[in-house]
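Me: Let's go through this model together. Please keep each answer brief and finish on what I asked for.

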Amino acid sequence: MGRGIELGSEMDLPTEPGLMALTDADVADLWLVPGEKEHKYTRGVVGLLTGSHTYPGAAVLSAAGALAAGPGMVRYLGNSPLVVPAFPEVVPAAGQVQSLVIGSGLTSLAEARARYDAALAAGTPLVLDAGGIELAYERDLPEHVVLTPHAGELSALLRAKGEAVTRDDVEARPAWAAKQAAQLTGATVLAKFATDAVAAPSGELYAQPGGPGWAATAGAGDVLAGLVGALLAMHAHDLQTGDLQGITPAKLAAAASHIHAQAAIAAACSQGRVGRPIRASEIAAHIPHVIERILND
Ligand SMILES: NC(=O)C1=CN([C@@H]2O[C@H](COP(=O)(O)OP(=O)(O)OC[C@H]3O[C@@H](n4cnc5c(N)ncnc54)[C@H](OP(=O)(O)O)[C@@H]3O)[C@@H](O)[C@H]2O)[C@@H](O)CC1
Ligand SMILES: Nc1ncnc2c1ncn2[C@@H]1O[C@H](COP(=O)(O)OP(=O)(O)O)[C@@H](O)[C@H]1O
């Protein structure tokens with residue numbers, strides 16, 4: 001279970017009833033450590049429809065985030081030429097996936113739409129990031145769709161759903177905005193701020209303290225989108241059968257946020273509290289070590 005927390009000055013968060021934050025121990029509890037009966041297709045395959053010729057690196061970063069959590073496989077379904085050269089482990093062929101990430105540098109949704117419709121029809125857990133969030137404007141979604149907006153994308157989503165809000169409104173009340181977006185879309189919303197707010201339409205709400213300010217760097221959100229995809233794929237069977245045993249899409253999104261923040265701390269602050277500048281790929285590179293620490297502490 002998430003533990004109750006006391007928050008400091010983070011905007012509207014202290015006033016939210018039922019607010020939780022996951023700790024290392026919570027993340028360890030939900031992790032499926034592979035045993036001798038596992039093979040790559042039991043461990044979950046993440047599909048990535050990310051990147052483009054305009055943003056080829058965003059796809060690399062989403063793949064880095066997904067691979068870092070150790071899924072059985074990552075399939076790359078987009079058209080960035082950089083992913084396979086960066087990661088020969090990635091399979092550039094369509095096939096079954098247990099989760100699908102759409103967005104992160106994708107410049108056109110035209111080709112994504114058929115895969116999106118098929119994933120929704122099949123009950124496949126989805127992550128909609130960056131431009132992919134516009135797909136959530138159109139219809140009611142299930143809770144196993146996770147939206148990962150930053151403040152600008154969250155305010156645009158709320159406006160598309162009829163709320164007269166500005167980006168400033170959202171930045172002043174991030175937990176409220178995340179909850180509104182979850183209510184209005186039916187999806188789970190991981191709203192990215194210095195403290196991430198994760199809201200489900202059920203009212204489940206997490207505030208995950210972020211990493212250092214050094215983490216506010218281009219591509220950090222792309223890494224997070226891939227990481228959320230990997231956590232959803234790990235638990236896809238239970239998400240699809242409804243046999244959740246306390247593991248909800250919001251809890252998995254909050255776990256990804258926690259790991260991402262811990263990886264940013266590890267990347268930026270190994271030498272002291274103030275830390276040093278980091279690139280998004282360094283956050284991804286630290287994720288396996290954070291998972292190792294969390295599982296072995
Ligand atoms: N390595 C890669 O390939 C990466 C690729 N990425 C991918 O890029 C895509 C677009 O993502 P994004 O978040 O930048 O776009 P978006 O939500 O439209 O926000 C734009 C807003 O910001 C503002 N703005 C811009 N510059 C500004 C400035 N200097 N100072 C102040 N404001 C500034 C701008 O304002 P404007 O200039 O229009 O007035 C507008 O309001 C997306 O697919 C993402 O995944 C990223 O993940 C990064 C790594
Ligand atoms: N001030 C901050 N301190 C710590 N982390 C932050 C801060 N601002 C943003 N972040 C984190 O950085 C990431 C930014 O994501 P996003 O805005 O989508 O960037 P991009 O689209 O460039 O990948 C998110 O994970 C968010 O939680």
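**Ligands and fold**

Me: How far is an oxygen atom of ligand 2 from an N or O atom in the side chain of Asp 196?
Reply: This is a predicted model, where local features need pLDDT of at least 70, side-chain atom pairs count only at pLDDT 80 or more, and totals for chains, interfaces and linings use all residues; side-chain values use heavy atoms, without hydrogens and water. Residues are numbered from 1 along each chain as its sequence is written, while chains are lettered from A and ligands numbered from 1 in the order in which they are written. A polar contact is a pair of N or O atoms within 3.5 Å. For Asp 196 and ligand 2, the distance is 2.8 Å.

Me: What share of ligand 2 does the protein bury?
Reply: Backbone atoms join in too: a polar one of Phe 193 is 3.1 Å from an oxygen atom of ligand 2, and an N or O of Gly 221 lies 2.8 Å from one. Taken alone, ligand 2 exposes 580 Å² (accessible area by the Shrake-Rupley method with a 1.4 Å probe). Of that, the protein buries 76%.

Me: Which helix gives the most residues to the shell around ligand 2?
Reply: The shell holds 17 residues, where near means a heavy atom within 4 Å. By class these are eight nonpolar, six polar and three charged residues, with Gly counted as polar and Asp, Glu, Lys and Arg as charged. Four of the shell residues come from residues 220–234, which form helix α8.

Me: Which side chain has a polar atom 2.8 Å from an oxygen atom of ligand 1?
Reply: Ligand 1 has backbone partners, with a polar atom of Gly 105 at 2.9 Å from one of its oxygen atoms and an N or O of Ala 58 at 3.2 Å. The side chain at 2.8 Å belongs to Asp 222.

Me: And how much of the accessible area of ligand 1 does the protein cover?
Reply: The surroundings of ligand 1 include Tyr 55, His 150 and Glu 153. On its own, ligand 1 has 930 Å² of accessible area, and the protein covers 36%.

Me: What is the radius of gyration of the protein chain?
Reply: The chain has 11 helices and 10 strands, which are DSSP runs of H or I with at least four residues and of E with at least two. The globule rule, 2.2 Å times the number of residues to the power 0.38, gives 19 Å for 297 residues. The chain comes close to that, so it is as compact as a globular protein of that length, with a radius of gyration, over C-alpha atoms, of 17 Å.

Technical notes:
A polar contact is a pair of N or O atoms within 3.5 Å; within protein, one must be able to donate a hydrogen and the other to accept it, and residues adjacent in sequence count only if both atoms are side-chain atoms.
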